[in-house]
Amino acid sequence: MIDNNEPKKYKLIGADGKEYLSEEKGTLGGYRRKKIYGRLDCPSALRHIAKGEYVKYRVFFKDEETAIAAGYRPCAVCMKDKYKKWKDKQEGKEDDRKS
C-alpha cells in the first residue's frame, strides 16, 4: 500500500557518482554516458529528450559542486562560459581570470 503522506523522493547523483534518494529536486540535469551536466531547461538536452534519446542515461544533481565532484563537465550549449573555462583548463590555457 502506498502512503500518500510520504514525501516524494528524487533520484540524484552524489559527489561519489552514486545514486541516492532525496526529498529535494535536483537543480541540474546530466547525461551519464558523456558525463555532461547543464541546466534543466537546456535546449540541447530537451531536443534529445523529445526524440526519446538519452532518457535512460539522464541523471540529476543537487548542485554544480556535486556534478563537478562526480566527474561531470559543463554543457557547451547551456553553460557556454563555464564550458569554455573547463575546456581552457583541459588544454592548459587556464589563466588568472576570476568568475
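**Figure 1. Lysine 85 in helix α3.** Lysine 85 lies in helix α3, and this opening close-up shows that residue in a predicted model. Lysine 85 is partly exposed, with a relative accessible area of 34%. For a sense of scale, follow the chain to tyrosine 10: the C-alpha atoms of lysine 85 and tyrosine 10 are separated by 30 Å, and the two residues are 75 residues apart along the chain.

**Figure 2. The whole protein, as a guide to the close-ups.** Three helices and six strands make up the protein's secondary structure. Reading along the sequence, you will meet them in the pattern β-β-β-β-α-β-α-β-α. Taken along the principal axes, the box filled by the C-alpha atoms is roughly 55 × 30 × 20 Å. The protein has 99 residues, and 30% of them are buried. Among contacts with a separation of 6 or more, 52% come from residues 24 or more positions apart.

**Figure 3. The second largest pocket and its lining.** This pocket has a volume of about 260 Å³. It is lined by 18 residues, and the closest to its centre are Tyr31, Ile36, Ser44, Tyr54 and Cys75. Which elements each supply at least two residues of the lining? They are β3 (28-31), β4 (36-39) and α1 (43-50). Of the contributors, β4 gives the most, with four residues. Sorted by character, the lining of the second largest pocket divides into nine nonpolar, five polar and four charged residues.

**Figure 4. Tyrosine 54, a pocket residue with a positive phi.** Tyrosine 54 is one of the residues closest to the centre of the second largest pocket. Its place in the chain is the loop between α1 and β5 (58-61). The phi of tyrosine 54 is near 50°, a positive value in a residue other than glycine. Is tyrosine 54 buried or exposed? Tyrosine 54 counts as buried because its relative accessibility is 14%, under the 20% cut-off.

**Figure 5. Lysine 35, in the loop between β3 and β4.** Lysine 35 is found in the loop between β3 and β4. Here, too, a residue other than glycine has a positive phi: for lysine 35 the value is near 55°. Lysine 35 is partly exposed, with a relative accessible area of 36%.

**Figure 6. The salt bridge of glutamate 23 and lysine 9.** Side chains of opposite charge can pair when their charged atoms come close. In this protein the count comes to five salt bridges, and three of the pairs are shown from here on, beginning with glutamate 23 and lysine 9, whose side chains meet at 3.5 Å, N to O. The pair links distant parts of the chain, 14 residues apart: glutamate 23 is in the loop between β2 (19-22) and β3, and lysine 9 is in the segment before β1 (10-13). Glutamate 23 is partly exposed, with a relative accessible area of 48%. Lysine 9 is partly exposed as well, with a relative accessible area of 39%.

**Figure 7. Serine 22 and its contacts.** Serine 22 sits in strand β2. With a relative accessible area of 12%, serine 22 is buried. Where does the side chain of serine 22 reach at 3.0 Å? It reaches the backbone nitrogen of glutamate 24. Leaving aside residues up to four places away in sequence, serine 22 touches Lys8, Lys9, Tyr10 and Leu12. Lys9 will be familiar from the salt bridge with glutamate 23.

**Figure 8. A salt bridge between helices α2 and α3.** The side chains of glutamate 64 and lysine 82 meet in a salt bridge at 2.7 Å, N to O. The two residues are 18 residues apart and link distant parts of the chain, with glutamate 64 in helix α2 (residues 64-69) and lysine 82 in helix α3 (residues 80-90). Glutamate 64 has a relative accessibility of 19% and so counts as buried, the cut-off being under 20%. Lysine 82, in contrast, is partly exposed, with a relative accessible area of 40%.

**Figure 9. The salt bridge of lysine 87 and glutamate 91.** In the final view, the side chains of lysine 87 and glutamate 91 meet in a salt bridge at 3.7 Å, N to O. Lysine 87 counts as partly exposed, at 33% relative accessibility. Its partner, glutamate 91, is partly exposed too, with a relative accessible area of 42%.

Definitions and conventions. Residues are numbered from 1 along each chain as its sequence is written. This is a predicted model: local features need pLDDT of at least 70, side-chain atom pairs count only at pLDDT 80 or more; totals for chains, interfaces and linings use all residues. Side-chain values use heavy atoms; hydrogens and water are left out. On a 1 Å grid over the protein atoms alone, a cavity is a set of points where a 1.4 Å probe fits but cannot get out, and a pocket is an open set with protein on both sides within 12 Å along at least five of seven lines; lining residues have an atom within 4 Å of a point. Grid points are joined across faces, edges and corners, and a volume is the space filled by probe spheres set on the points. Ala, Val, Leu, Ile, Met, Phe, Trp, Tyr, Cys and Pro count as nonpolar, Asp, Glu, Lys and Arg as charged, and the others, Gly among them, as polar. A salt bridge is a side-chain nitrogen of Lys or Arg within 4 Å of a carboxyl oxygen of Asp or Glu. Buried means under 20% relative accessible area, exposed over 50%, partly exposed in between (1.4 Å probe, protein chains only). A polar contact is a pair of N or O atoms within 3.5 Å; within protein, one must be able to donate a hydrogen and the other to accept it, and residues adjacent in sequence count only if both atoms are side-chain atoms. Contact means heavy atoms within 4.5 Å.
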